[in-house]
Amino acid sequence: MTDAIAAGVPALSDSTDSRIESGSSAIDSLPGHLMMWVLIFSELAAFGALLIGFQIARALQPEAFAAGQGQLDPALAAANTLCLVSSGWFAAKASAAARNGARDATWRSTVGACLLGAVFIAIKLFEYAGEIGRGADIDGNTFFTLYFLLTGFHLLHVALGLAILLGVAWHAHAAAVESGTCFWHMVDLVWLVMFPIVYLMR
């Protein structure tokens with residue numbers, strides 16, 4: 001450990017050291033439950049395929065996509081980005097509190113994360129209402145078909161993530177809270193990639 005610090009390499013935590021010294025694999029060192037990571041990677045693959053399809057369709061129909069993007073509200077999407085990033089911070093605090101056995105702090109941070117997640121859902125539904133009011137339709141053109149499919153799929157994951165966070169925080173078991181937090185960070189990450197691709201890129 002001393003050599004690593006002297007070389008400018010960040011030292012591993014004691015828990016990580018012990019897992020490595022005991023012969024555990026890199027998979028064993030992942031936070032939370034392994035099955036949650038299987039779910040996370042499968043969902044990332046699904047979102048990746050949708051985003052690639054979105055980009056291919058944009059390349060084939062640039063005018064239709066530019067017109068569709070002109071009906072979106074980037075300010076609302078930016079507000080939702082802030083909500084999810086802040087929510088992820090609360091989720092990380094909940095995970096740290098659970099590892100320390102602080103049940104009340106875990107619950108408070110989880111509630112904070114969930115409230116911001118609920119605000120995200122409310123803003124997104126308000127945004128949908130405005131877009132539909134301006135004539136957007138999932139069957140209208142390729143842009144809005146993919147837009148509603150992609151953002152709606154993500155919105156379902158936000159709702160699922162809220163349910164997972166509330167469920168695992170109730171008993172404040174560290175591994176379960178870490179699993180829920182990892183799923184929530186996946187939801188954050190997908191939105192951070194989706195936001196510029198859907199709303200900003202031309």
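## Met36 and its surroundings

Met36 is buried, with a relative accessible area of 14%, a value that places the residue in this class because the cut-off for buried is under 20%. The model from which this value is computed is a predicted one. Met36 belongs to helix α3, and when residues up to four places away in sequence are not counted, Met36 touches Ile164, Ser179 and Phe183. A further relation across the sequence involves Ala176, which is 140 residues from Met36 along the chain, while the C-alpha atoms of Met36 and Ala176 are 9.6 Å apart in space.

## Met35 and a nonpolar patch

Met35 also has its place in helix α3, which spans residues 34-60. Met35 is exposed, with a relative accessible area of 60%, and this assignment follows because exposed means over 50%. Together with Leu34 and Val38, Met35 makes a nonpolar surface patch of about 310 Å².

## Aromatic pairs

A search of the whole structure finds 16 aromatic pairs. One of them is formed by Phe65 and Phe143, whose arrangement is edge-to-face, with 5.2 Å from centre to centre and 85° between the planes. Because Phe65 lies in helix α4 (residues 62-69) and Phe143 in helix α7 (residues 142-171), this pair ties together parts that are 78 residues apart in sequence. As for solvent exposure, Phe65 is buried at a relative accessible area of 1%, and Phe143 likewise counts as buried, with 0% relative accessibility.

Phe195 and Tyr199 form an aromatic pair that is tilted, with the centres 5.8 Å apart and an angle of 45° between the planes. Here both residues lie in helix α8 (residues 174-200), where they are four residues apart, or about one turn of the helix. Phe195 counts as buried at 14% relative accessibility, and Tyr199 counts as buried at 2%.

## The ring cluster

Which residues do ring pairs link into a cluster? The cluster consists of Phe54, Phe65, Phe120, Tyr128, Phe143, Phe144, Tyr147, Phe148, Trp191, Phe195 and Tyr199. Both pairs described above therefore have their residues in this cluster, given that two rings pair if their centres lie within 6.5 Å, and that Phe65, Phe143, Phe195 and Tyr199 are among the residues linked.

How values were computed: Residues numbered from 1 in each chain as written. Predicted model: local features only at pLDDT ≥ 70, side-chain atom pairs only at ≥ 80, totals over all residues. Heavy atoms only, no water. Patch = residues over 30% accessible without salt bridge, like charges linked within 9 Å, V, L, I, M, F, W, Y side chains within 5 Å. Areas by Shrake-Rupley, 256 points an atom, 1.4 Å probe, with all protein chains shown as cover. Salt bridge = Lys/Arg side-chain N within 4 Å of Asp/Glu carboxyl O. Helix = DSSP H or I, 4+ residues; strand = E, 2+ residues; numbered from the N terminus. Buried < 20%, exposed > 50% of the residue type's maximum accessible area, 1.4 Å probe, protein only. Contact = heavy atoms within 4.5 Å. Phe/Tyr/Trp six-rings, centres within 6.5 Å; stacked < 30°, edge-to-face > 60°.
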